[in-house]
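Let's take a walk through this model together, one piece at a time. Have your viewer open and follow along.

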Amino acid sequence: MQVVTEKLKTADGMPVYLAQPITAGRYPIVILMHERYGLVQHTEDLARRCAEDGFVACAPNFFFRHPDQAVLSSGDSRYDMTDPESVQLLASALALLEHHPSADLSKVAVAGFCQTGRHPLLFAAERPITAAVVWYGAAASREWEVTPAQPRALDGVIAAVACPVFGAFGSDDHLISVGDVCRFRNALERHNKSYDIELYAGAPHGWLNDTMPGRYRKPQAEAAWSAQQRFLKQVFAGEWSPQQVRWKFDSEFGRDYDFAKNRRQA
């Protein structure tokens, strides 16, 4: 499907990269958050891929308040977005699409990656959306801590989520262990939340990012992206009934797995 892109700004000045099918119509919305590097080529690439699959893909720069975007994008600095700030900025992104002719606001998914992995869950706990998507985030031990930046306990956030959750993780992640993924899954089950979680053998942290060859894992990335798109199409089509609880956990990792041996990949 052919796509068209444009660059916009929200009312509070947040830059947004928007991709949509070129054919006129109303399409489900996917808000793509980004990794710690801010809005870079990788996230814009994902937005175009989503648009090719028939979605309006909205990719804001949630870290636009960082004073040096070049340093941020290179990974030599970071922006510590608070949970309340993330909810406000996601609401701002949605508000931008309220009068967009191609955007169907009755069908909204939010996807977070790495540092922003927890934020789709926070938004889903406060606003009615169709799906929350987590890529190698939201499960590390530090995510469960209550801090000034994370004033609400993650378990309480999960308890308030009212939509299905998709999660993609890798066994070789140096930040999130297999045990962390199971803890995340168990919290969803404890609160009777529907989910589809995929754990891929041999995948380190950030393994979807094909602009970083050291960590990109093509077979796992293609399988996980297909699983996400299949999940989104099912959820948008109403196939995940809110009256039923659906659990899907597909995992693979080595029998000799040792989290202590996992290392950060370039």
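How many residues lie between strand 1 and strand 2 in the hairpin that they form? There are 5 residues between the two strands, and in the turn Gly 13 has a positive phi of about 90 degrees. Before going on, please keep in mind that this is a predicted model. The two arms of the hairpin run antiparallel and are joined by 7 bridges. To find one of the pairings in your viewer, select Leu 8, whose bridge partner in strand 2 is Val 16.

From the hairpin we can step out to the sheet. It is an open sheet of 9 strands with mixed pairing, and the strand order is 1-2-4-3-5-6-7-8-9. Its edges are strand 1 (3-9) and strand 9 (247-251), each of which pairs on one side only. Ignoring direction, neighbouring strands are turned by 15 degrees against each other on average. As a general reminder for reading the side chains, in a regular strand they alternate between the two faces of the sheet.

Within the sheet, look at strand 3 (residues 27-32) and strand 5. These two run parallel, with 6 bridges joining them. One pairing to pick out is that of Tyr 27, whose bridge partner in strand 5 is Ala 103. Helix 3 packs on the sheet, where it touches strand 1, strand 2 (15-21), strand 3, strand 4 (56-60) and strand 5. The direction of helix 3 makes about 150 degrees with that of strand 3. Another helix to find is helix 6, which lies across strand 6, strand 7, strand 8 (195-200) and strand 9. Helix 6 runs at about 170 degrees to strand 8.

Now for helix 4: why is helix 4 (residues 119-126) described as largely enclosed by the rest of the structure? The reason is that 7 of its 8 residues are buried. The buried residues are His 119, Pro 120, Leu 121, Leu 122, Phe 123, Ala 124 and Ala 125. The cover over these buried residues includes pieces of both kinds. Among the helices are helix 3 (83-96), helix 5 (154-160) and helix 6 (178-190). Among the strands are strand 5 (103-113), strand 6 (131-135) and strand 7 (165-170).

Just ahead of this helix, Cys 114 is worth a look. This residue is found in the loop between strand 5 and helix 4. Its phi is positive, at about 60 degrees, although Cys 114 is not a glycine. With a relative accessible area of 13%, Cys 114 counts as buried, because the cut-off for that class is under 20%. A second non-glycine residue with a positive phi is Asn 192, at about 55 degrees. Asn 192 is found in the loop between helix 6 and strand 8.

Cys 114 also leads us to the largest pocket, which holds about 550 Å³ of space. Of the 27 residues lining this pocket, those closest to its centre are Arg 78, Cys 114, Gln 115, Arg 142 and Glu 143. Sorted by class, the lining has 9 nonpolar, 7 polar and 11 charged residues.

Glu 143, one of those central residues, sits in the loop between strand 6 and helix 5. Is Glu 143 buried or exposed? Glu 143 is buried, with a relative accessible area of 8%. Setting aside neighbours within four places in sequence, Glu 143 is in contact with Arg 118, Ala 138, Gln 150 and Leu 154.

The second largest pocket has a volume of about 320 Å³. Of its 22 lining residues, Ala 162, Cys 163, Pro 164, Trp 240 and Pro 242 lie nearest the centre. Strand 5 provides the largest share of this lining, with 4 residues. By class, there are 12 nonpolar, 8 polar and 2 charged residues here.

Our last stop is Asp 196, in strand 8. Asp 196 is buried, with a relative accessible area of 6%. Beyond neighbours within four places in sequence, the contacts of Asp 196 are with Val 165, Phe 166, Gly 167, Phe 231, Trp 240 and Lys 248. Trp 240 thus appears both here and among the residues nearest the centre of the second largest pocket. The C-alpha atoms of Asp 196 and Gln 228 are separated by 8.9 Å, although the two residues are 32 apart along the chain.

Notes:
Residues numbered from 1 in each chain as written. Predicted model: local features only at pLDDT ≥ 70, side-chain atom pairs only at ≥ 80, totals over all residues. Heavy atoms only, no water. Buried < 20%, exposed > 50% of the residue type's maximum accessible area, 1.4 Å probe, protein only. Contact = heavy atoms within 4.5 Å. Pairing = 2+ DSSP bridges. Axes fitted to C-alpha atoms, helices over the stretch in contact; angles between N-to-C directions. 1 Å grid on protein atoms, 1.4 Å probe; cavity = no way out; pocket = protein on both sides within 12 Å on 5 of 7 lines; lining within 4 Å. Points joined across faces, edges and corners; volume = space filled by probe spheres on them. Nonpolar A, V, L, I, M, F, W, Y, C, P; charged D, E, K, R; others polar.
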